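Reader: Could you pick one part of this thing and take a really close look at it with me? After that, I'd like to hear how the rest fits around it.

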Amino acid sequence: MATVSFRDATRVYPGADTPAVDRLNLDINDGEFMVLVGPSGCGKSTTLRMLAGLEEVTSGSVWIGEQDVTELPPKDRDLAMVFQNYALYPHMTVGENMGFALKMQNVPKEEREHRVMEAAKLLGLEEFLDRWPKALSGGQRQRVAMGRAIVRQPQVFLMDEPLSNLDAKLRVSTRTQIAALQTRLEVTTLYVTHDQVEAMTLGDRVAVMREGVLQQVDSPLALWDTPKNVFVASFIGTPPMNLMPGTPVDGGIRIGKHVLAMPRETVERITDDEVTVGIRPDNLVITDSPEDAEFHVEKVELPGSDAYLYGTIDGAGPEVCARVQTRRPPQAGERVRLGVAEDRIHLFSTRTGDRIS
Amino acid sequence: MPRFLSAKPDARLIPLPWNTPLEHWPLEHLVALPRGISRHVVRFIKVGEEIYAAKEVVEHSAIAEYRLLHDLKRLQTPAVEPVGVVTGRVAEDGQALDPVLITRHLQFSLPYRSLFSVGVRPDTVTRLLDAMVVLLAKLHLVGFLWGDVSLSNTLFRRDAGEFAAYLVDAETGELHETLSDGQREHDLEIARVNLFGEFSDLEAGGMLDTALDPATLVETIETRYQELWSELTEPEEFDDSQLSRIEGRVRRLNALGFDVAELDITTDIDGTTIRIQPKVVDAGHHSRRLLRLTGLDTEENQARRLLNDLDTYSARTGQQNMDEAVVAHQWLTHSFEPVIEAVPESLRSKLEPAQVFHEVLEYRWYRSEEAGREIPLVEAAHMYVNDVLHNLPDEAVSSENLELIPDQGHRRLQNPYDPGQGFADEQEMPIDDPWEADAEAPPQTLGFADIAALRAKAGKKF
C-alpha cells in the first residue's frame, strides 16, 4: 500500500492549445478510495493514465509513496488495473483463473494458493475455487476479475470507468460489490467515472475535475454540503442544485419579488451587486408560511416515494425543482409556498463562480 | 422496433429475430464455428451465402466499436469488417435487450482454438505468435491502442508458409495520433497476461503440445515485438563512408513487409555522421506491389512468394528488361491462372487461390527433387490437387460446406456455439452465494446519491 501524489502534474497533448490536465495537485492517502469525476473531456482518465504510465507527464511529477514514478515504465509501478482482463478460461478452475498471472511471475505454488484463498475470502468466492467458471453468474465473473487484481497485491488499484460497459443489472451488482470490497480491502484506489452518483456512493473522497482543472477534492458529504463553486454545486446532485440570480438587499437576497432572509454578516460579505443563490431540490419544503416564496407548480414527477415539483418562483425566473416528501403532492397549475432552512442556502459569486457562503 | 445502423446494409439481416436474446436464437439461423472466448454473447449467423458474427453489447460500446472498425479499415489495418449495429431491441416480456454489433466473418480465417483442437506443431505456434506481433506493431504504427490483446480477439489466415493475423474485437480500443511508449508497453503487458492465460487454458484442456511452455511462449512475444518495433522506428547512426546503410535499412524494412514512406536523414555539422530514422512506415510492401501489377489481393507473404515466382518467370523467359506490368500480365495468364484452374470447382473452398499457388510451388519443388527433373507447373498442380488438396479440410465457410466443429479433441463442448461454456462432462450443482442475493436487492440509489446513507456512513446525525 502507498500514498499517491500528483504534483503540478500537467499533460498537454501534441497540437492541443490547452492542457488536458493542468497543474494537478492531488494527494491520495494510504488505503484511500479516491474517485475522479467530471464530464467528458475533463481530464480524469488522462490523470489515471498519467499514474499508470500510459500518458507522458508534460510537466510536474507523479509519486507513489516516496518514489517519483514520472519516468518509470508502467510495469515497474506496481499498479493493477482492475477489470482489465475479464475473460474466464473454461478449462481452468475459478482458483486457477484468479491466480494464473502469479504463475507467470514465477510466484511459488504455495504462495499462489495462499493469495488466491485470501482474495477469495474477501470476495466470497471460497466455495467456488475448485469449480469451472461456466456456471458463474455475471456478478461472480466480475468478482473473479477483481480477484485477479487483488492476488497481485499491488500498491495501488486503478479502475477506469469499470461499470460503463456493463448492462444495467450487472452495473448495479458490480457497484455494490466494489463498495463492499472497498470497506474490506484498504488498498489505495484511484477510480474514474463520469457518474457523480457512482462517485458519491463509492469514494472516501471525490475529486471533481473540469476542463483539466481540479475543482474540489473532498468527502462526498462535503461536496454536497459545501461545494466550492457553481460548477461543483451543479455537477453533484440529481436533480442538480437550483441556481438563481439574486440581489443583496437589506436583510437578505432578493430573488424575483421574494426576499430570502439571510444573516446580516453573510449579506455584508457580498461585494458585488449580484450573486448566484443555490438551493438543492432536497432542501426545499412546502410550508404554510406567507413569508415563504410562492411557487407556481408546472410539472410533477413521482418516480418513487418522493415528489419532484418543477416550476418557477412567483411564476418567473429560471425553472426550480423541489424534491418533497408528501402523501398528497400538489398538481401542475397549483401554487404552494416553498421554504428553505437558512443554513441550506448556498451563495456563489456570479462573477467568479466561487462560493461565498 | 429494432433499428439498424449500417453503411452497407444487407437487407436479409432485417427479418432476423432481433427481439430474441442472442443466446436463445433459433438454431436455423446459427452456425457453430470455432472461435475464441468472449465475455459477451457471440453467435455466428448465416444469411444466404454470408456468415456474420453477432455480439450483444451495450449501446455506446457497440457504436464505438463499429466506428473504430471503420477507422481501422480506412487505415488499411487487418481487422474484421463492420456491417452494422442493431439497436432498439425489446424482448417479448418488454425488457430492453442490448444492441448487437454485426461484423462480416473473415473468409478462410482460422481462430486459434480450431488450430489447437486438432493438435498443433510447436513451430506453428511460433508462427502464430509472429503473426500476432506483426499485427500489434501494425496497429501501434497507426496509433491504435488495443487494450485487450489476446488470441481470442484475433483471427489467423494462412499466408504462404506463415500466418497473417486480423483483429476481431476492438471494444477496448482507442485510436490516437501516436502512441506513447507507456501505451505500447501497456498493450504488450496485456498481451503477455492474456496469452499466458489462453495457453494455460489450452494446456488445462489437453490441447497444448507438452513440448510447449506457456511462460516461454509469452516471453517470445515481447522480444519479437521489441525487435520488430526497433527495426521499424529506431534511429541508426553511421559515418559518411557507410551511405549504403540507408539503402540497407530500406531493404530490411521491405523484407519485413513494410514500405518506408518517410525517412528522416540528418547529418552533423561537419557532415561526417549520418543519422537515419524511419518516420512513416506502411505495412503491405509486397501485397501492394502484387496488387498493382496483377490485381491479385493477397496476404503479405503470399504476395512475396508470388512476386518471387514472377521474378523467376521473368528471368526464365528472358524478359528482365521488359516493362514489369507486361511481364506480370503474362505470368498471370501463363502461370497463376492455369494452376488455379487445375483446382476443380468442388475443391475451391479448401484454400484461397494465392495459398493454393504457394502450396503448388512448394509441392512442385519437393516432387521435382524426388523425380530428378523439373515437373511442369500445371502437371504439379494436378498432382497436388490429387495428393494433397483433396484431403484438406475446407477453410472457406459457406452454407454449402459448413463443417460444424462441436468437439475439441475427444471431449464434447457444453455448448457448440460458445466455447466459453467448457466441456459437457463438467456438471456441477449450484452453490448459494450471499453476494448474489445482495446484488438482487432492488437498487435504491442507482440514479440518485443517497445522502442520508452518506450521513449515516459519516456518523453524522441529520
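Author: Sure, and keep in mind throughout that this is a predicted model. Let's begin with helix 11 of chain B, and with the side of helix 11 that faces away from its buried residues: there, Glu379(B) and Asn386(B) are exposed. Now turn the helix around. Helix 11 of chain B runs over residues 377–387, and its buried residues are Ala380(B), Ala381(B) and Tyr384(B). Looking down the axis of helix 11 of chain B, you find those buried residues within an arc of 105°, so they line one face of the helix. The general background is simple: an α-helix has 3.6 residues a turn, so residues three or four places apart point the same way. What sits on top of that face? The cover over the buried residues of helix 11 of chain B includes helix 9 (324–341) and helix 10 (353–371) of chain B.

Helix 9 of chain B has an exposed spot too. Thr333(B) belongs to helix 9 of chain B, and it is exposed because just 10 other C-beta atoms lie within 10 Å, where the cut-off for exposed is 12 or fewer. If you want a sense of scale, pair Thr333(B) with Leu135(B): they are 198 residues apart in sequence, and their C-alpha atoms are 33 Å apart in space.

Zooming out, chain B as a whole has 13 helices and 18 strands. Its C-alpha trace spans about 90 × 65 × 45 Å along the principal axes. Chain B has 462 residues, of which 38% count as buried. Take the contacts in chain B with a separation of 6 or more, and 63% of them are between residues 24 or more positions apart.

Now over to the partner. Chain A has nine helices and 20 strands, and its C-alpha atoms fill a box of roughly 75 × 50 × 35 Å along the principal axes. Of its 357 residues, 46% count as buried. For chain A, 66% of the contacts between residues at least 6 apart in sequence join residues at least 24 apart.

Where the two chains meet, 46 residues from chain A and 50 residues from chain B take part in the contact. On the chain A side, at least two residues each come from helix 2, helix 4 (138–150), helix 5 (168–185), helix 6 (196–202) and helix 7 (220–225). Helix 5 of chain A gives the largest share of that side, four residues. By type, the chain A side divides into 22 nonpolar, 15 polar and nine charged residues.

Helix 2 of chain A deserves a second visit, since it also packs within its own chain. Helix 2 (residues 94–104) and helix 3 (residues 109–123) of chain A pack at an angle of about 135°, with their axes 9 Å apart. Angles over 145 degrees would count as roughly antiparallel, so helix 2 and helix 3 of chain A are oblique to each other. The crossing of helix 2 of chain A past helix 3 of chain A is right-handed. On the helix 2 side of chain A, the contact is made by Gly95(A), Met98(A), Gly99(A), Leu102(A) and Lys103(A), while helix 3 of chain A brings Arg112(A), Arg115(A), Val116(A) and Ala119(A). Sort the residues of this helix 2 to helix 3 contact in chain A and you get four nonpolar, two polar and three charged.

Last, some backbone details in the loops of chain A. Just after helix 5 of chain A, in the loop leading to strand 8 (188–193), you'll find Glu186(A). Glu186(A) has a positive phi of about 55° although it is not a glycine, and with 12 C-beta neighbours inside 10 Å it counts as exposed. Asp78(A) also has a positive phi, near 60°, and isn't a glycine. Asp78(A) sits in the loop between strand 5 (67–68) and strand 6 (79–81) of chain A. With 16 C-beta neighbours inside 10 Å, Asp78(A) counts as partly exposed, because a residue needs 20 or more to be buried and 12 or fewer to be exposed. Then there's a cis peptide bond, from Thr238(A) to Pro239(A), with omega near -5°. Pro239(A) is in the loop between helix 8 (230–235) and strand 11 (242–249) of chain A.

Definitions and conventions:
Residues are numbered from 1 along each chain as its sequence is written. Chains are lettered from A and ligands numbered from 1 in the order in which they are written. This is a predicted model: local features need pLDDT of at least 70, side-chain atom pairs count only at pLDDT 80 or more; totals for chains, interfaces and linings use all residues. Axes are lines fitted to C-alpha atoms, for helices over the stretch in contact, and angles run from 0 to 180 degrees between N-to-C directions. Angles under 35 degrees count as roughly parallel, over 145 as roughly antiparallel, 65 to 115 as roughly perpendicular and the rest as oblique. A crossing is left-handed if the near helix is turned anticlockwise from the far one by less than a right angle, and right-handed if clockwise. Two residues are in contact if their C-beta atoms, placed from the backbone, lie within 7 Å. Ala, Val, Leu, Ile, Met, Phe, Trp, Tyr, Cys and Pro count as nonpolar, Asp, Glu, Lys and Arg as charged, and the others, Gly among them, as polar. The arc is that of the directions from the helix axis to the C-beta atoms.
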